[in-house]
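Reader: I have a chain to study and would like to learn how such a structure is read. May I put some questions about it?

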Amino acid sequence: MARLPRLVVPSQPHYVIQRGLNGQHIFQDTDDYTTFLAWLRAAARTYKVAIHAYVLLPDGLHLLATPSDEEGLGQMMQWLGRCYVPYFNQKYGRAGTLWHGRYKTSVIDADNFLLTCCRYLEAAPVRAGVASAAEEYPWSSYGHHAGIRSDNVVTDHPSYWSLGNTPFQREAAYIELSAQHLPAAQIAVVEAAVLKGWPLGTDKYKKELEQKAKRQVLPAKRGRPFKQPSSA
C-alpha cells in the first residue's frame, strides 16, 4: 500500500514520532535529555508550534503538537535534527544520521482523542519497561499535567483545561484519568494511525478533514473499482 503524503493541518493537534536509527539510543545521559528539551522549547517558540505533551525515551521521542501554519511543524523537526544530531555525534564519536527515516505524524481529532493520546504517550515509559509508573519518569509531560512540576516546554491544550476550573481540579482529574489504563484496542488504534500517517478521529472528523485539506487523507481501498454489469 502506497504511503500517503504527510498531512499537516494548521491549528490542529498532531501526534509525532521520531525514532533512533535501528533502535539505537538517542539519549544516553541526563545532559542529552535536558539539552534536547531546551532546543525543543526554543524551536517550538521560533516556529510557532504549541507542544501539549511529550515523552523522550532512550530510543525515540513522541510529541503532541499544534502548528500555527503548514510549514512550522516540519521546520521545527528539521531544526531539532540540525542541532541535536551534530551534538550527539560529536559527543559520542559517531557520524551520519541518527534518525530511523522521517518523523511520522497523525492529525488528531482533539475533541475525541487528544486526552487519549496524552495518556498513551505519557504511559510509553511504562510500556517500554524504563519506569514502573508515569510519575516516576522525569522526561515526559506527565509531571506537568499531574501537578508534580512546572514544565515550560508545555502549552496546555483546551482539552486539558476542560478537566476542571482550577489547576488542582485539572491535575486531580488527570491523575484519575491516567490511572485508568487504556484498553489494548485503543492502543492499537493510536499506533496504527500514527505509524501509517492516518488521521485519528471519528468518521465525521475524517470527512471534514478531507474537505478542508482538499486531498485524500485515508488510503484507498485495495483492488479495482467495482464494475457495474452491462445493461445490454
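The questions and answers below go through this predicted model.

Reader: How many helices and strands does the chain have?

Author: Along the sequence, the elements follow the pattern β-α-β-β-α-β-α-α-α-α-α-α-α. In this notation β stands for a strand and α for a helix. The chain has nine helices and four strands.

Reader: What percentage of the residues in the chain is buried?

Author: A residue counts as buried when its relative accessible area is under 20%. The chain holds 232 residues. Of these, the buried ones make up 45%.

Reader: Is Leu 121 buried or exposed?

Author: Leu 121 has its place in helix H3. Its C-alpha atom is separated by 7.0 Å from that of Tyr 54, a residue 67 positions away along the chain. The relative accessible area of Leu 121 is 0%, and because the cut-off for the buried class is under 20%, Leu 121 is buried.

Reader: How does Trp 198 count in terms of accessibility, and which value places it there?

Author: Trp 198 lies in the loop between helix H8 (184-196) and helix H9 (203-213). Its C-alpha atom is 8.0 Å from that of Thr 105, although 93 residues separate the two along the chain. Partly exposed means between the limits of 20% and 50%, so Trp 198 counts as partly exposed, at 23%.

Reader: On which side of H9 do its buried residues lie?

Author: The buried residues of H9 are Tyr 205, Lys 206 and Leu 209. The face turned away from them carries the exposed residues Asp 203, Lys 204, Lys 207 and Gln 211. The buried residues cover an arc of only 95 degrees around the axis, which puts them on the same side of H9.

Reader: What kind of aromatic pair do Phe 27 and Tyr 84 form?

Author: Phe 27 lies in the loop between strand E1 (14-19) and helix H1 (30-46), whereas Tyr 84 lies in helix H2 (residues 72-92), so that the pair links parts of the chain 57 residues apart. Both Phe 27 and Tyr 84 are buried. Their ring centres are 5.5 Å apart, with 50 degrees between the planes. An angle that is neither under 30 nor over 60 degrees counts as tilted, and the pair is therefore tilted.

Reader: What is the angle between the planes of Tyr 84 and Phe 88?

Author: Tyr 84 and Phe 88 both lie in helix H2, four residues apart, which is about one turn of the helix. Each of Tyr 84 and Phe 88 is buried. Their pair is also tilted, at 6.0 Å centre to centre, and the angle between the planes is 40 degrees.

Reader: Which residues form one aromatic cluster with Phe 27, Tyr 84 and Phe 88?

Author: The structure holds twelve aromatic pairs. One cluster includes Phe 27, Tyr 84 and Phe 88. The other members of this cluster are Tyr 33, Phe 36, Trp 39, Tyr 87, Tyr 92 and Trp 139.

Reader: Over which ring does the charged end of Arg 170 sit?

Author: Arginine side chains lie over rings at two places described here. Arg 127 lies over the face of Tyr 120, at 3.9 Å from the ring centre. The charged end of Arg 170 sits 3.8 Å from the centre of its ring, which belongs to Trp 161.

Reader: Which helix supplies the largest share of the lining of the largest pocket?

Author: The largest pocket holds about 340 Å³ of space. Its lining has 19 residues, and the closest to the centre are Ala 123, Val 126, Ala 134, Ser 178 and His 181. The lining divides into eleven nonpolar, four polar and four charged residues. Helix H3 (110-122), helix H4 (124-128) and helix H7 (167-179) each supply at least two residues, and the largest share, four residues, comes from H7.

Reader: Is Lys 48 buried or exposed?

Author: Lys 48 lies in the loop between H1 and strand E2 (49-57). Its phi is positive, about 55 degrees, although Lys 48 is not a glycine. The relative accessible area is 60%, and because exposed means over 50%, Lys 48 is exposed.

Methods:
Residues are numbered from 1 along each chain as its sequence is written. This is a predicted model: local features need pLDDT of at least 70, side-chain atom pairs count only at pLDDT 80 or more; totals for chains, interfaces and linings use all residues. Side-chain values use heavy atoms; hydrogens and water are left out. On a 1 Å grid over the protein atoms alone, a cavity is a set of points where a 1.4 Å probe fits but cannot get out, and a pocket is an open set with protein on both sides within 12 Å along at least five of seven lines; lining residues have an atom within 4 Å of a point. Grid points are joined across faces, edges and corners, and a volume is the space filled by probe spheres set on the points. Ala, Val, Leu, Ile, Met, Phe, Trp, Tyr, Cys and Pro count as nonpolar, Asp, Glu, Lys and Arg as charged, and the others, Gly among them, as polar. Rings of Phe, Tyr and Trp (its six-membered ring) pair if their centres lie within 6.5 Å; planes under 30 degrees apart count as stacked, over 60 as edge-to-face and the rest as tilted. Buried means under 20% relative accessible area, exposed over 50%, partly exposed in between (1.4 Å probe, protein chains only). A charge sits over a ring if NZ of Lys or CZ of Arg is within 6 Å of the ring centre and within 35 degrees of the ring normal. The arc is that of the directions from the helix axis to the C-beta atoms.
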